[in-house]
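Biologist: Could you take me through one part of this model up close, and then show me how that part sits in the rest? I'd like one connected story rather than a list.

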Amino acid sequence: MTRLIEVPTQFDDRSFDQFAAAYAQAADGGGERLLFDAHAAEWASPYGLVGLLAAGEAATRKGERPLLTAPANPDVVSYWARAGFFREAADLFEVHGKVPKAKVATESEVLLPVTPVRAAEDVHGVVSTIQQRASAILSSELGLDPKATMGFAMALSESCQNIVEHAGTGGWVAVQAYNWRRKLARRVVVIAVADAGVGFRHSLESTQAKRFGERWGDAAALEAALIQGVSRFRDPGRGQGLAGIRRYLARWEGKVAIRSGTARIAIVPRWDDEVPLKEGLPAFPGSQVLLIIPEQVSEKAGGSSKQ
Amino acid sequence: MIPHIMVHAVLQQAVAGFYTDLVTRPTGRAVRENIERDLPPGTIAVMDFTGVGCLDYSCADEIVAKLVRDKVKVLLLRGLTEAHREAIEPVLAGAGLAVLCERADGGLEGLGASEPAPALLDELIERRLAARIPGGSIRLTAA
């Protein structure tokens, strides 16, 4: 018997909990084969794509290699291919449907196609690629100071290192720029990083659980990592990465959200209405990190942020 | 004689693959260990970042903060870009550490926590490695 997991038609961080709920329910079914059904998908953000790969890896670890029905819409499936999704999915899923042999994109909005992160060398590759490709987009399209490109690469590096240092397994990163009409009516650059590893609670448990006592859980672990800057390592210089990401995003009025286990924490800029900490979400393996940097709009131009 | 460390060259020696970016803890650790091998404890050293691309917080901690904490008496950085400074400054400040850095005009200034920086400048002046010039700024005399 096969258990069905529907991939939301608009698959991004907002619909991810719906996907996680379907995954948690299906994965509870005692080793039955999972079918991820994306045939009706109309759009997926980088967060959706890397999250789907994480689900695929977790399902593969649990039992039989899962099935994936590719999006039926030729434009959508083509975009997923150009975003590098199917290149990675081929190792995790038995893919059904018509998948074009599209070259992974060199188009401007895919700043970094879905890229595996398993070791420090992968992070070097990601940082090198993003510096070559992101500079023009960040300055000309998003209105960021050209010097901000390096900070962007630093934030990306630290996000990826969370996988290498803490997940206990590999993961994926993707970076895209697009018009975010629905939410912000501005262009944004989105970094999405996901893994199906041990998650923040497990990673920090040995050093932090006692300190938090009964409060200890996924939410407390995320709070410790993102707000208090603690790390599982006792080395005094640890915990710099997320603090650095926060500083960078604060400067550009960006957003960071991290989902791990059953909780999600976010540093919420004024253009967003997400709650800073949400608990009791459907359980999902590993950690999923989302960074959003919006186009900078001057007050004079009627926008909500300063250049 | 003050040891000069060309960070980009050390990076090429320390890790396999041609990298110009100082990112990730393992890379930082490899670079620092390579530097430490030739550096006597308690020394004064110049680290030149010319040619280094991206420097992330992890590498800033693994290389600069750990050398200052455990190995050198005074660390003088040169060839820093603004982005390098942005990575190094909060890492040092958070640990209560400081280094000196050489501006493009040759003047020296503290980077990191504000308390330890004056003592670092005094140390260089005392050893006649730096001197105050008319106008008040401090520059290296040697190196």
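Modeller: Sure, and keep in mind throughout that this is a predicted model. Let's start with the pair of domains in chain A, whose C-alpha centres are 22 Å apart. The domain assignment puts residues 1–105 in domain 1 and residues 106–307 in domain 2 of chain A. Where they meet, domain 1 of chain A contributes 23 residues, and these are in contact with 28 residues of domain 2 of chain A.

On the domain 1 side, the elements that supply two or more residues are α1 (16–27), α2 (46–62) and α4 (85–92) of chain A. The largest share there belongs to α2(A), with nine residues. Sorted by class, that side of domain 1 of chain A holds 15 nonpolar, three polar and five charged residues.

Now step back to chain A as a whole. Chain A has nine helices and 13 strands, and its C-alpha trace spans about 60 × 50 × 35 Å along the principal axes. For 307 residues, a compact globule would have a radius of gyration near 19 Å, and chain A agrees with that at 19 Å. Of those 307 residues, 52% are buried. If you take the contacts in chain A with a separation of 6 or more, 68% of them are between residues 24 or more positions apart.

Next comes the contact with the other chain. Here 22 residues of chain A are in contact with 23 residues of chain B. On the chain A side, the elements giving two or more residues are α5 (120–141), α6 (148–167) and α9 (240–251) of chain A. The largest share of that side comes from α6(A), which gives eight residues. The class count for the chain A side is seven nonpolar, 10 polar and five charged residues.

Crossing over, chain B has five helices and seven strands. Their order along the sequence of chain B is β-α-α-β-α-β-α-β-β-α-β-β. The C-alpha atoms of chain B fill a box of roughly 45 × 30 × 25 Å along the principal axes. A compact globule of 143 residues would have a radius of gyration near 15 Å, and the 14 Å of chain B agrees with that. Buried residues come to 45% of the 143 in chain B. For contacts in chain B between residues at least 6 apart in sequence, 60% join residues at least 24 apart.

Within chain B, have a look at how two of the helices pack. Helix α1 (residues 7–14) and helix α2 (residues 25–37) of chain B meet at an angle of about 110 degrees, and their axes are 9 Å apart. That angle makes α1(B) roughly perpendicular to α2(B). From α1(B), the contact uses B:V10, B:L11, B:Q13 and B:A14, while α2(B) brings B:A30, B:V31, B:N34 and B:I35. By class, this contact of α1(B) with α2(B) has six nonpolar residues, two polar ones and no charged ones.

The loop between those two helices of chain B is where you find B:T24. Although B:T24 is not a glycine, B:T24 has a positive phi of about 80 degrees. B:T24 counts as buried because 28 C-beta neighbours lie inside 10 Å, and the cut-off for buried is 20 or more.

A second residue with that kind of backbone angle is B:R128, again not a glycine, with a positive phi of about 60 degrees. B:R128 sits in the loop between α5 (117–126) and β6 (130–132) of chain B. Its surroundings put B:R128 in the exposed class, since 9 other C-beta atoms are within 10 Å and 12 or fewer counts as exposed.

Finally, there's B:T81, in the loop between β3 (72–78) and α4 (82–94) of chain B. With 16 other C-beta atoms within 10 Å, B:T81 is partly exposed. Along the chain, B:T81 and B:T50 are 31 residues apart, and their C-alpha atoms are separated by 8.5 Å.

Conventions: Residues numbered from 1 in each chain as written. Chains lettered and ligands numbered in written order. Predicted model: local features only at pLDDT ≥ 70, side-chain atom pairs only at ≥ 80, totals over all residues. Axes fitted to C-alpha atoms, helices over the stretch in contact; angles between N-to-C directions. Helix = DSSP H or I, 4+ residues; strand = E, 2+ residues; numbered from the N terminus. Parallel < 35°, antiparallel > 145°, perpendicular 65-115°, else oblique. Contact = placed C-beta atoms within 7 Å. Nonpolar A, V, L, I, M, F, W, Y, C, P; charged D, E, K, R; others polar. Rg over C-alpha atoms; globule rule 2.2 N^0.38 Å. Domains from an automatic or database assignment.
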